[in-house]
Amino acid sequence: MSAHPRMHPQASAVLTKATLSAAERLGLSPADLGAALGVSEATVSRLKTSARPIDPQTKEGELALMLVRVFRSLDPLVGGDPAQCQRWMGSYNKALLGVPRELIRKADGLVRTLAYLDGMRAAA
């Protein structure tokens, strides 16, 4: 019997890979990623070694999906330039009243950042 009976291995593997890729492209440190997902840096390390996947049906999975959406919304706005993406994440944003990299470390900041980027994409 599996420890995660509702987990779909394929969906978990895809979400884990997408989350790690998005975090890298956004320039997030393991501490940033851990805070955004509500997990420890040790857990982030286990994600990177495929020792532990992200179950999409959990709160951690919901936060991971939002983080991937942040990247997917920001990437076209910066023309797919990873350096520009990372600059945006590390710069103060007047509309968000904070630095996105810091804001996404908490769920409410992640939601606000995603809503802002979705709005920017809709207006583009």
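Okay, let's start with one polar contact: the side chain of N93 puts a polar atom 2.9 Å from the backbone nitrogen of A95. Before I go on, keep in mind that this is a predicted model.

So where does N93 sit? It's in the loop between helix 5, residues 82-90, and helix 6. Despite the loop address, N93 is buried, at 8% relative accessible area. If you leave out residues up to four places away in sequence, N93 touches W88, G98, P100 and Y116. And for a sense of scale, take N93 and S21: they're 72 residues apart along the chain, and their C-alpha atoms are separated by 23 Å.

Staying in that loop for a second, L97 is in there too, between helix 5 and helix 6. Its phi is positive, near 55 degrees, and L97 isn't a glycine. Is L97 buried or exposed? Exposed, at 65% relative accessibility.

There's another residue like that elsewhere. S50, in the loop between helix 3, residues 41-48, and helix 4, has a positive phi of about 65 degrees, and again it's not a glycine. S50 counts as exposed at 66% relative accessibility. And while we're on phi values, G38, which follows helix 2, has a positive one near 75 degrees.

Right, salt bridges. How many does the structure hold? Six. I'll go through a few of them.

The one I'd pull up on screen is a network: D32, R101 and R105 are linked by salt bridges. Take D32 with R101 to begin with, where the closest N and O atoms are 4.0 Å apart. D32 is in helix 2, residues 30-37, and R101 is in helix 6, residues 100-103, so this pair ties together parts that are 69 residues apart in sequence. Then D32 with R105: here the closest N and O atoms are 2.7 Å apart. That pair also links distant parts of the chain, with D32 in helix 2 and R105 in the loop between helix 6 and helix 7, 73 residues apart.

As for accessibility in that network, D32 is buried at 10% relative accessible area, while R105 is partly exposed at 33%. D32 has buried company in helix 2 as well: L33, G34, A36 and L37 are buried too.

Now a salt bridge inside one helix. E62 and K59 meet through their side chains, 3.4 Å from N to O. Both are in helix 4, residues 59-77, three residues apart, which is about one turn of the helix. Why does that spacing work? An α-helix has 3.6 residues a turn, so residues three or four places apart point the same way. On accessibility, E62 is partly exposed at 39% and K59 is exposed at 56%.

Sitting between those two numbers is E60, also in helix 4. E60 counts as buried, at 12% relative accessibility. Which residues does E60 touch, not counting residues up to four places away in sequence? L37, V39, L47, R52 and I54.

Compare that list with the one for T19, over in helix 1, residues 9-26. T19 is buried, with a relative accessible area of 1%. With the same sequence neighbours left out, T19 touches L33, L37, I54, A64, L67 and V68. So L37 and I54 turn up in the contacts of E60 and in the contacts of T19.

Last bit: helix packing. Two packed helices are described by the angle between their axes and the distance between the axes. For helix 4 and helix 7, the axes come within 9 Å and cross at roughly 35 degrees. The crossing of helix 4 and helix 7 is left-handed.

And what meets what in there? On the helix 4 side you've got L63, M66, L67, R69, V70, R72, S73, L74, P76 and L77. On the helix 7 side it's A107, L110, V111, T113, L114, L117, D118, M120 and R121. By class, that contact of helix 4 with helix 7 has 13 nonpolar, two polar and four charged residues. L67 is worth clicking on in the viewer, since L67 in helix 4 meets helix 7 and is also one of the residues T19 touches.

That's my tour. Questions welcome.

Key. Residues are numbered from 1 along each chain as its sequence is written. This is a predicted model: local features need pLDDT of at least 70, side-chain atom pairs count only at pLDDT 80 or more; totals for chains, interfaces and linings use all residues. Side-chain values use heavy atoms; hydrogens and water are left out. Helices (H or I, at least four residues) and strands (E, at least two) are DSSP runs, numbered from the N terminus. Buried means under 20% relative accessible area, exposed over 50%, partly exposed in between (1.4 Å probe, protein chains only). Axes are lines fitted to C-alpha atoms, for helices over the stretch in contact, and angles run from 0 to 180 degrees between N-to-C directions. A crossing is left-handed if the near helix is turned anticlockwise from the far one by less than a right angle, and right-handed if clockwise. Contact means heavy atoms within 4.5 Å. Ala, Val, Leu, Ile, Met, Phe, Trp, Tyr, Cys and Pro count as nonpolar, Asp, Glu, Lys and Arg as charged, and the others, Gly among them, as polar. A polar contact is a pair of N or O atoms within 3.5 Å; within protein, one must be able to donate a hydrogen and the other to accept it, and residues adjacent in sequence count only if both atoms are side-chain atoms.
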